[in-house]
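Biologist: Could you walk me through this one, starting with the ligand?

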Amino acid sequence: MNIGIDKIGFAAPNYVLDLADLAQARNIDPNKFKLGLLQSQMAVAPVTQDIVTLGAQAAQAILSEKDKEQIDMIIVGTESSIDQSKAAAVFIHGLLDINPFARSIEIKEACYGATAGLILAKTHIAQHPNSKVLVIASDIAKYGIASAGEATQGAGAIAMLISADPSILILHNDSVCQTRDIMDFWRPNEDKYPRVNGKFSTEQYTDCLTTTFAEYQKRTGKKLADFAAMCLHIPFSKQGLKGIQAIAQEDSKTLNRLTERFQEAIVYNKIVGNIYTGSIFLSFLSLLENSQSLKAGDNILFYSYGSGAVCELFSGHLVSGYQQHLQPDRLHTLNQRTPLTVEAYEALFFEEIQVDETGQAVDLPVDETDFALVDIQDHKRVYRKK
Ligand code: CAA
């Protein structure tokens, strides 16, 4: 049975910060962000936009009423959870009015979580071919004002409908994973922002890729030349490029082809920033919607990396007619976001919700987006769907 991605959607908050402005405010050469990190903008979320609203918005954009009846599992991958107990998937289930007889869960392993969700969804469909699984990757990447990671922040959500006989990508059975107990990037419960050993994290990303790729080749017999393109976890775009260079260095023809496709695969990541567990799938969406060279049947290699660390290499091939299931004007829409000054970004992105002694939110801003956090009452988050 063929199982894979039937639909894919994306949502980002409506505010954007230009990294040239950030560089100027922090007294940094703008080329460090533009050329050193290969990033140009970041998406900025207000307090009324969180992993639930962004996830619901991304899913609403792709789901039909029939899909909502057929979905019997919702998996949210995230590392910016809004509750230590209740899964964001349960809020999203309610907001989207999904079939009540569904399983709704949240998965965490840094930026790898949604890939684990995708693989779990595939296993579920193999047992229940008539059902559909909604996999959502939703995150807000926040490192703090003037931190080393500040220019790599971002916010957004990817939603994917996983089914039998999918319309976009058929997943292969060739996954190879690796787990390493390391402290490259982590967020203890008492901390607002992640702790990062930046250089170590970049080395681990690449070393996990090269060693897992060696094992992948050994187990599957596949070569890099078999793939039309590669989509990687993109904490910032330069990191992904270095990943490709690390495994393709001995095959210049393949390296050139994969590098060309990679430029198409980072069109959105460059202007959205890191969305943690969704960034590999945002890169896939960017590739699909910005490449004129891809065709049905092309094999795509994926490298998912979550600090801590767990990584996975897996692949799939494009389905005939996949182009009809995309949104070609997405770049235009992203370019319509409201630009922020650095001062406005600092105020908006780092605002914290105040809750009084009764558990009531105080002065929560009004948000006119389709899905928004509109209140906190008795410590319970209240969402509104327009
Ligand atoms: N013009 C052009 N390039 C310049 C430049 C200039 N004026 N100034 C610096 N650069 C280049 C540097 O040479 C460097 O490029 P290379 O690595 O190719 O040499 C690049 O810009 C970055 O410079 P630094 O290494 O000096 O930057 P930094 O130390 O201030 O910060 C970072 C880099 C550590 C990655 C930081 O952004 C960070 O902490 N990010 C968060 C952690 C992260 O993203 N890790 C990635 C792997 S872990 C992961 O993938 C999980 C996840 O999502 C977080």
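Modeller: A side-chain N or O atom of D29 lies 2.9 Å from a nitrogen atom of the ligand, which fits the definition of a polar contact, a pair of N or O atoms within 3.5 Å. This is a predicted model, in which local features need pLDDT of at least 70, side-chain atom pairs count only at pLDDT 80 or more, and totals for chains, interfaces and linings use all residues. Residues are numbered from 1 along each chain as its sequence is written, and side-chain values use heavy atoms, without hydrogens and water.

Biologist: And what lies 3.1 Å from an oxygen atom of the ligand?

Modeller: That is a polar side-chain atom of K238, while a backbone N or O atom of A148 is 3.3 Å from an oxygen atom of the ligand.

Biologist: How much of the ligand's accessible area does the protein cover?

Modeller: The protein covers 70% of the 1000 Å² that the ligand has on its own, with areas taken from the Shrake-Rupley method and a 1.4 Å probe.

Biologist: Switching topic, what is V44 in contact with?

Modeller: Leaving aside neighbours within four places in sequence, V44 is in contact (heavy atoms within 4.5 Å) with P13, Y15, L17, L340, Y345, L348 and F349.

Technical notes: A polar contact is a pair of N or O atoms within 3.5 Å; within protein, one must be able to donate a hydrogen and the other to accept it, and residues adjacent in sequence count only if both atoms are side-chain atoms.
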